[in-house]
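Work through two short exercises on this model. Keep the sequence and the 3D view open.

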Amino acid sequence: MGFLRSQLIETRKLPYPSASYAGQTIVITGSNTGLGKEAARHYARLGASRLILAVRNLEKGHAARKDIQTTAAKGTAIDVWELDMAKYSSVQAFAARLDAELNRVDIFHANAGVVCPKYSVTEGNETSVTINYVSTFLLAALVLPKLKATAAQFIPHMSAASTAIKNGGLGASDGAILAAVNDPHFAGGAHWKEQYPVSKLLGVFAVRSIAKERPADAYPVTVNMVSPGLCHSELSREAEGCRRWRRGGAHDGGGSRTLVDAGVQGAKSHGQYLADCRIAQPSAVVLDNPDVQDRLWVELKAKLEAIQPGVTDNF
Ligand SMILES: NC(=O)c1ccc[n+]([C@@H]2O[C@H](COP(=O)([O-])OP(=O)(O)OC[C@H]3O[C@@H](n4cnc5c(N)ncnc54)[C@H](OP(=O)(O)O)[C@@H]3O)[C@@H](O)[C@H]2O)c1
């Protein structure tokens with residue numbers, strides 16, 4: 001019922017973004033299409049000084065830039081930077097560029113994400129785990145020093161599915177959760193069809209862990225997470241069900257409004273899950289398993305340290 005209410009009723013109430021972003025620098029990953037592109041269009045319309053479209057395909061990125069420019073405020077500079085979340089070296093190179101070339105970042109949307117219809121391995125993990133989870137928090141750790149300097153907001157785009165825990169491997173023993181999630185044969189392979197929600201759920205735990213370790217009153221960056229609801233986009237090509245309940249993504253039927261709203265929620269939203277433009281409760285899977293959250297945080301930090309020693313000190 002909550003899902004239907006959100007999709008059918010709350011969708012109509014989502015506020016149309018109207019604040020000024022003059023003077024602000026905003027970075028959005030995966031912004032050549034879908035929700036990221038439409039969020040970028042809002043920021044450009046509202047006069048952001050500088051927008052960075054972080055994309056894996058520069059040609060698509062430049063096409064998006066051209067399109068967004070048709071509705072952008074005068075004076076908004078839009079740049080297209082390369083970032084492939086499937087390669088840790090690309091994440092590191094992107095973060096190094098951000099550090100060298102931007103003197104401030106006000107809002108960072110970690111929006112890039114995938115649904116993988118077939119099992120594959122990238123950087124040692126199942127591909128959606130690498131892109132949606134490990135690379136997203138590697139990116140967070142690498143850009144946090146710059147964000148701290150400008151008291152910015154970092155916003156991964158997540159959703160907390162409630163069904164994922166048993167078959168998804170989250171019940172595995174200490175130090176073995178990510179191995180189970182990555183194993184196509186775990187639980188007889190039954191978890192595989194839930195891999196996308198599992199990969200997103202891992203991120204919900206991670207955001208909560210960051211806030212647990214670094215509470216808002218002693219931390220200059222707001223790290224929250226947003227679920228845009230079920231939206232039309234290229235992501236949903238693999239899931240044809242529920243089509244008529246989806247929010248618009250590509251034509252601002254609401255999904256992109258939730259992204260922009262997440263960027264103005266401020267310190268009260270640190271570590272929080274946002275849905276329908278307000279702080280919401282993540283699913284019972286998250287709330288009932290603080291031990292899984294803590295154990296996953298240890299595993300994720302070990303993975304990030306193996307990629308770049310010392311990087312988790314940035315949290
Ligand atoms: N749509 C929904 O109902 C929904 C619900 C909850 C959460 N979300 C989340 O919201 C975010 C945006 O989704 P969307 O619906 O707008 O999807 P989308 O239209 O498929 O856009 C996804 C974006 O991520 C990019 N991307 C994928 N893999 C990448 C990689 N390895 N490196 C860099 N960029 C990569 C894509 O680039 P290419 O164009 O090159 O593939 C695209 O720009 C995702 O994180 C998604 O999980 C969406």
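Contact means heavy atoms within 4.5 Å. Helices (H or I, at least four residues) and strands (E, at least two) are DSSP runs, numbered from the N terminus. This is a predicted model: local features need pLDDT of at least 70, side-chain atom pairs count only at pLDDT 80 or more, and totals for chains, interfaces and linings use all residues. Residues are numbered from 1 along each chain as its sequence is written, and side-chain values use heavy atoms, with hydrogens and water left out.

**Exercise 1.** Find the buried residues of α3 and state what they pack against.

*Solution.*
1. Locate α3 at residues 58-69.
2. Apply the cut-offs: buried is under 20% relative accessible area, exposed over 50%, partly exposed in between (1.4 Å probe, protein chains only).
3. G61, A64 and I68 are buried in α3. They lie on the same side of α3 because they cover an arc of only 65° around the axis. The arc is that of the directions from the helix axis to the C-beta atoms.
4. Turn to the face away from the buried side: E59 and K66 are exposed there.
5. The buried residues pack against α2 (34-45), β2 (50-55) and β3 (77-82).

**Exercise 2.** List backbone polar contacts to the ligand, then state how much of its area the protein buries.

*Solution.*
1. Use the cut-off for a polar contact: a pair of N or O atoms within 3.5 Å.
2. A backbone N or O atom of G30 sits 3.1 Å from a ligand oxygen.
3. A polar backbone atom of A86 is 3.4 Å from a ligand nitrogen.
4. For G113, a polar backbone atom is 3.3 Å from a ligand oxygen.
5. Alone, the ligand exposes 890 Å², and the protein buries 94% of that. These areas come from the Shrake-Rupley method with a 1.4 Å probe.

Conventions. The expected span of a helix is 1.5 Å times one less than its number of residues. A polar contact is a pair of N or O atoms within 3.5 Å; within protein, one must be able to donate a hydrogen and the other to accept it, and residues adjacent in sequence count only if both atoms are side-chain atoms.
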